[in-house]
Amino acid sequence: MTSVRLTTALRAIVFALAATGASAAACAQDAERRISEMTAGKPAEVGVAWIADGKAHAVNNADGYPLMSVFKLHGAVAALRRMERRGTPADTLIAVRAAEMEKDTYSPMLKRYGGRDFTIRLDSLLRYSVAESDNNACDIIMRLAGGTDGVNAEMRAIGLTGYAITETEASMHADPTRSYNNRSTPLAVAELFRKLYEGGILGEPYATLLKNILLSTSTGPNKIKAALPPGATLAHKTGTGFTLPDGTITADNDAGAITLADGRRIYIAVLVKDSKLGADGNARLIREIAEAVIYSEVKF
């Protein structure tokens with residue numbers, strides 16, 4: 001089924017529910033049922049959560065989904081909270097040593113600066129880490145956040161639960177199986193986005209900086225972003241695992257804040273673990289799930 005056909009079918013279901021006077025709760029329950037049907041029998045573990053109008057919904061909300069690069073959001077929030085307390089401006093220059101730059105990893109920043117010491121603005125470093133998912137930038141941000149202990153301290157301070165972060169990009173690069181240690185429930189990821197937009201966990205201009213960076217994320221255009229209706233925007237973070245010899249993809253994630261044309265927001269997380277659907281199959285499933293969520297929240 002193509003995206004256009006699926007969207008049409010989902011719209012038809014929602015319009016039918018609206019015509020019969022179905023409540024918002026009934027629409028959400030129908031979405032949960034259909035998502036359960038979409039994921040049942042798939043050669044993958046799929047967890048989904050969304051928060052809209054103050055109500056949380058989840059399907060397969062277990063705590064063992066590897067975050068992969070989604071944890072770069074946790075690191076960014078933690079680093080910015082520390083910068084804010086210290087009054088550090090977003091344009092502060094950060095010194096980076098050549099020894100901090102892992103050569104055999106995904107790093108657009110490495111291509112830009114090469115194997116030398118350099119300085120970079122904090123806001124640019126955050127953009128590399130979050131929007132471009134640069135692994136070297138991530139670990140420098142983690143250093144600024146006080147390492148994994150510092151990140152966890154900030155997450156506890158904002159009341160986030162249902163997750164675990166014990167690894168950096170460097171430690172996961174050294175032993176890819178350790179990427180399973182950075183894990184979360186889908187609802188905890190959606191809740192972190194909600195806290196960013198509604199919970200006051202960052203003051204200005206730090207909150208707006210991070211939201212704008214998330215809006216500029218270049219990864220995952222065929223996932224949640226492909227499900228957006230006209231006039232909607234997506235501030236999001238993706239995360240992709242490694243591929244095992246048998247073709248299993250250890251993780252394939254997308255999560256973010258959808259702002260609809262009417263200004264309402266949906267905080268959503270779709271986490272896929274140990275999938276044999278392939279990259280295209282994972283993206284298609286994430287998009288279809290996002291469509292089901294979005295159209296369950298449409299107001300008439």
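These are my notebook entries on the folds and contacts I looked up in this structure, which is a predicted model.

**Entry 1: overall build**

I began with the inventory and found that the protein has eleven helices and ten strands. The radius of gyration is 19 Å, close to the 19 Å that the globule rule gives for 300 residues, so I noted the protein as being as compact as a globular protein of that length. Along the principal axes, the C-alpha atoms fill a box of roughly 65 × 45 × 30 Å.

**Entry 2: the five-stranded sheet**

I then followed the open sheet of five strands, whose order I wrote down as β2-β1-β10-β9-β8, with antiparallel pairing. Which strands stand at its edges? They are β2 (55-59) and β8 (233-240), and each has a single partner strand, so one side of each is left without a neighbour in the sheet. From one strand to the next the twist averages 10°.

Looking at individual pairs, I saw that β1 (residues 45-52) and β10 (residues 265-275) are joined in the antiparallel sense over eight bridges, and that Trp-50 stands opposite Ile-268 in β10. On the other side of the strand order, β1 and β2 run antiparallel and are joined by five bridges, with Lys-55 in β2 as the bridge partner of Ala-52. These two strands, β1 and β2, form a hairpin with two residues between them, and in the turn Asp-53 has a positive phi of about 55°.

**Entry 3: helices on that sheet**

Next I asked which strands helix α9 lies across. Helix α9 (residues 186-198) lies across β1, β2, β8, β9 (249-259) and β10, and runs at about 150° to β10. Helix α11 (residues 278-296) also packs on the sheet, where it touches β1, β9 and β10, and its direction makes about 150° with that of β10.

**Entry 4: α9 against α10**

I followed α9 further, to helix α10 (residues 206-215), and found that the two axes come within 10 Å and cross at roughly 130°. That angle makes α9 oblique to α10, and the crossing is left-handed. Phe-193, Leu-196 and Tyr-197 of α9 make the contact with Leu-210, Lys-211 and Leu-214 of α10. Sorted by class, the contact of α9 with α10 has five nonpolar residues, no polar ones and one charged residue.

**Entry 5: α5 against α6**

I looked up a second helix pair, α5 (residues 122-131) and α6 (residues 135-144), whose axes come within 8 Å and cross at roughly 125°. That makes α5 oblique to α6, and I recorded this crossing as left-handed. From α5 the contact takes Leu-122, Leu-125, Leu-126, Tyr-128 and Ser-129, while α6 supplies Ala-137, Cys-138, Ile-140, Ile-141 and Leu-144. The residues of the contact of α5 with α6 divide into nine nonpolar, one polar and no charged.

**Entry 6: the three-stranded sheet**

Lastly I turned to an open sheet of three strands in the order β3-β7-β6, where the pairing is antiparallel. Its edge strands are β3 (65-66) and β6 (163-164), each of which pairs on one side only. Between β6 and β7 (residues 183-184), which run antiparallel, I found two bridges, and in β7 the bridge partner of Ala-164 is Arg-183.

Key. Residues numbered from 1 in each chain as written. Predicted model: local features only at pLDDT ≥ 70, side-chain atom pairs only at ≥ 80, totals over all residues. Heavy atoms only, no water. Pairing = 2+ DSSP bridges. Helix = DSSP H or I, 4+ residues; strand = E, 2+ residues; numbered from the N terminus. Axes fitted to C-alpha atoms, helices over the stretch in contact; angles between N-to-C directions. Contact = heavy atoms within 4.5 Å. Parallel < 35°, antiparallel > 145°, perpendicular 65-115°, else oblique. Left-handed = near helix turned anticlockwise from the far one by under 90°. Nonpolar A, V, L, I, M, F, W, Y, C, P; charged D, E, K, R; others polar. Rg over C-alpha atoms; globule rule 2.2 N^0.38 Å.
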